[in-house]
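Colleague: I'm new to this one. Could you take a close look at a single part for me and explain how that part sits in the whole?

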Amino acid sequence: MIDCNKGKVALGHNGTSTKRPPSGAASSSIAASIFQTNSDTEVIVHLIARSQARNLSGALGDALNQVEGAYSLVMLTQDELYAVRDPRGFRPLVLGS
């Protein structure tokens with residue numbers, strides 16, 4: 001569970017980011033972040049926290065538009081569950097009850 005400026009979230013990620021955020025404003029804000037690991041998941045969390053979007057779903061969209069690769073992820077908040085697969089669908093994602 002992570003408590004960031006967009007609220008409390010839990011993030012599960014499977015995959016690899018083949019490209020870090022592009023150079024420019026977004027990456028310079030990431031460069032100022034203090035990373036605890038070398039995990040792609042942590043990069044996504046920092047991008048969510050640094051997003052200018054007013055809500056969590058917008059921040060998640062901003063973050064994922066800045067990375068490339070093959071991944072699936074789930075994000076849980078107190079009220080919602082987000083399930084995301086990379087745009088090309090390389091990583092499988094199955095939800096069930």
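Modeller: Happy to. A quick term before we start: a residue counts as buried when its relative accessible area is under 20%. By that cut-off, 38% of the 97 residues in the chain are buried. Keep in mind that this is a predicted model.

Let's get our bearings and then zoom in on helix 3. The chain has three helices and four strands, and they come in the order β-β-α-α-α-β-β along the sequence. Of the contacts with a separation of 6 or more, 46% join residues 24 or more positions apart. About 6,100 Å² of the chain is exposed, with carbon and sulfur atoms supplying 50% of that.

Now for helix 3, which runs 56–64. Its buried residues are Leu56, Ala59, Leu60, Ala63 and Leu64. They sit on the same side of helix 3, because they cover an arc of only 130° around the axis. The spacing fits a general rule: an α-helix has 3.6 residues a turn, so residues three or four places apart point the same way.

What about the core? The largest nonpolar core has 19 residues, and Leu60 and Leu64 are among those touching the most other members, along with Ile48, Leu73 and Met75. Helix 3 has company there: strand 2 (7–19), helix 2 (40–50), strand 3 (68–76) and strand 4 (81–85) also supply at least two residues each.

To finish, follow Leu64 outward. Leaving aside residues up to four places away in sequence, Leu64 touches Ile44, Tyr71, Leu73 and Val84.

Methods: Residues numbered from 1 in each chain as written. Predicted model: local features only at pLDDT ≥ 70, side-chain atom pairs only at ≥ 80, totals over all residues. Heavy atoms only, no water. Core = buried A, V, L, I, M, F, W, Y, C linked by side-chain atoms within 4.5 Å. Buried < 20%, exposed > 50% of the residue type's maximum accessible area, 1.4 Å probe, protein only. Contact = heavy atoms within 4.5 Å. Areas by Shrake-Rupley, 256 points an atom, 1.4 Å probe, with all protein chains shown as cover. Arc of directions from axis to C-beta.
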